[in-house]
Amino acid sequence: PKYEKIRGDIFRTFQKDSDYKIEEKEISRLLNAFVHQHPLYSYQQGMNSVCGPLLFVMPELDAYYCFVSLISKHSPTYWQESYIGAEAGCKLVEHCLKEVDNELSQKLSLINPQIYAFPFISSFLSCAPPFSELLSIFDFYIAFV
C-alpha cells in the first residue's frame, strides 16, 4: 500500500512548472528506498514535494542522503504518522500571524490553522510555486539546518 500511495502522488510533483522537470522514476526510487530503509516513517503526502527540489539540484544518491537527513535528523516529528511537528508549526504560524497582521489573524481565527497552513508547513513550502523561489528557500534550509 505505501508504494501505491507514493505512485499516486508522484505524477503531481511540480507538474505545473514545466521549466523544472524531475523524473518520476527518480522520485519513486528515492521515496521507496526511504520508506524501506526507515521503518519508523511511512510515506506521507508532501514528501514527494520535498525530495523534488533535492533531485533537481543534486545527483540522486546525494539527494537521497540529504532527504534522509532532513526527515530523520532535522525534522523527525514532521513526518511521523501523527504529524505532531507539522501541527506545532501550524500553531506557530497562527501565533506569528497575530503579531504580524492582527487584522488577518482575527479573520482567520475561526479556522483551524491546519486548514490554511498545513500543506505549506508540512512540505517546507515546497508545494507553493514558483519552483525557482522554492530553490532559494531550500538553499536557506540546507545552509542553516
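This is a guided tour of a predicted model, stop by stop, with a selection to make at each one.

**Stop 1: the nonpolar core**

Start by selecting Leu30, Leu31, Phe34, Met47, Phe67 and Trp79. Among the 34 residues of the largest nonpolar core, these are the ones that touch the most other members. Now colour the helices that feed this core: α1 (2-10), α2 (24-37), α3 (47-57), α4 (60-74), α5, α7 (113-122) and α8 (131-144) each supply at least two residues. Helix α4 gives the most, with 7 residues.

Keep Phe67 on screen and show its surroundings. Setting aside neighbours within four places in sequence, Phe67 is in contact with Leu30, Leu31, Phe34, Met47, Val50, Cys51 and Leu54. Several of these names will come back at the next stops.

**Stop 2: helix α3 under cover**

Select α3 next. This helix is mostly covered, with 9 of its 11 residues buried. To see them, pick Met47, Asn48, Ser49, Val50, Cys51, Gly52, Pro53, Leu54 and Leu55. Then bring in the cover: α1, α2, α4 and α8 are included in what lies over the buried residues of α3. Met47, Val50, Cys51 and Leu54 are worth a second look here, as they are among the contacts of Phe67.

**Stop 3: the aromatic rings**

Show the aromatic side chains. The model has 3 aromatic pairs. Zoom in on Phe34 and Phe67, an edge-to-face pair with 5.1 Å from centre to centre and 85° between the planes. This pair links distant parts of the chain, as Phe34 sits in helix α2 and Phe67 in helix α4, 33 residues apart. Are the two rings buried or exposed? Phe34 counts as buried because its relative accessibility is 0%, and Phe67 counts as buried at 0% as well.

Move on to Tyr64 and Tyr65. Their ring centres are 5.1 Å apart and their planes stand at 80°, so this pair is edge-to-face. Turn on the surface for these two: Tyr64 is buried, with a relative accessible area of 11%, while Tyr65 is exposed, at 53%.

Before leaving the rings, add Tyr41 to the selection with Phe34 and Phe67; the three form one aromatic cluster.

**Stop 4: Val68 on helix α4**

Select Val68, which is also in helix α4. Val68 is buried, with a relative accessible area of 10%. Beyond residues up to four places away in sequence, Val68 touches Phe34, His38 and Lys73. If you have the distance tool ready, try the C-alpha atoms of Val68 and Leu54: these residues are 14 apart along the chain, and the atoms are separated by 11 Å.

**Stop 5: the loop between α2 and α3**

Two residues in this loop make a good contrast. Select Gln44, found in the loop between α2 and α3. Is Gln44 buried or exposed? With 6% relative accessibility, Gln44 counts as buried, because the cut-off for buried is under 20%. Show its partners: leaving out residues up to four places away in sequence, Gln44 touches Lys5, Trp79, Glu81 and Tyr83.

Now select Leu40, placed in the loop between α2 and α3 too. Leu40 is exposed, with a relative accessible area of 76%. From Leu40, draw a line to Trp79: the two are 39 residues apart in sequence, and 9.6 Å apart in space from C-alpha to C-alpha. Trp79 has already appeared twice, as a contact of Gln44 and as one of the core residues that touch the most other members.

**Stop 6: the cavity**

Finish at the cavity. The structure holds 1 cavity of 30 Å³ or more, and about 40 Å³ of space lies in the largest cavity. Which residues line the largest cavity? Select Glu94, Leu97, Lys98, Ser105, Leu108, Ser109 and Tyr116. By class, that lining has 3 nonpolar, 2 polar and 2 charged residues. Helices α5 (84-100) and α6 each supply at least two residues of the lining, and α5 gives the most, with 3 residues.

Centre the view on Ser105, which is found in helix α6 (residues 102-108). Ser105 is buried, with a relative accessible area of 7%. Apart from neighbours within four places in sequence, Ser105 is in contact with Glu94, Leu97 and Lys98, and these three residues are also among those lining the largest cavity.

Definitions and conventions:
Residues numbered from 1 in each chain as written. Predicted model: local features only at pLDDT ≥ 70, side-chain atom pairs only at ≥ 80, totals over all residues. Heavy atoms only, no water. Helix = DSSP H or I, 4+ residues; strand = E, 2+ residues; numbered from the N terminus. Buried < 20%, exposed > 50% of the residue type's maximum accessible area, 1.4 Å probe, protein only. Contact = heavy atoms within 4.5 Å. 1 Å grid on protein atoms, 1.4 Å probe; cavity = no way out; pocket = protein on both sides within 12 Å on 5 of 7 lines; lining within 4 Å. Points joined across faces, edges and corners; volume = space filled by probe spheres on them. Nonpolar A, V, L, I, M, F, W, Y, C, P; charged D, E, K, R; others polar. Core = buried A, V, L, I, M, F, W, Y, C linked by side-chain atoms within 4.5 Å. Phe/Tyr/Trp six-rings, centres within 6.5 Å; stacked < 30°, edge-to-face > 60°.
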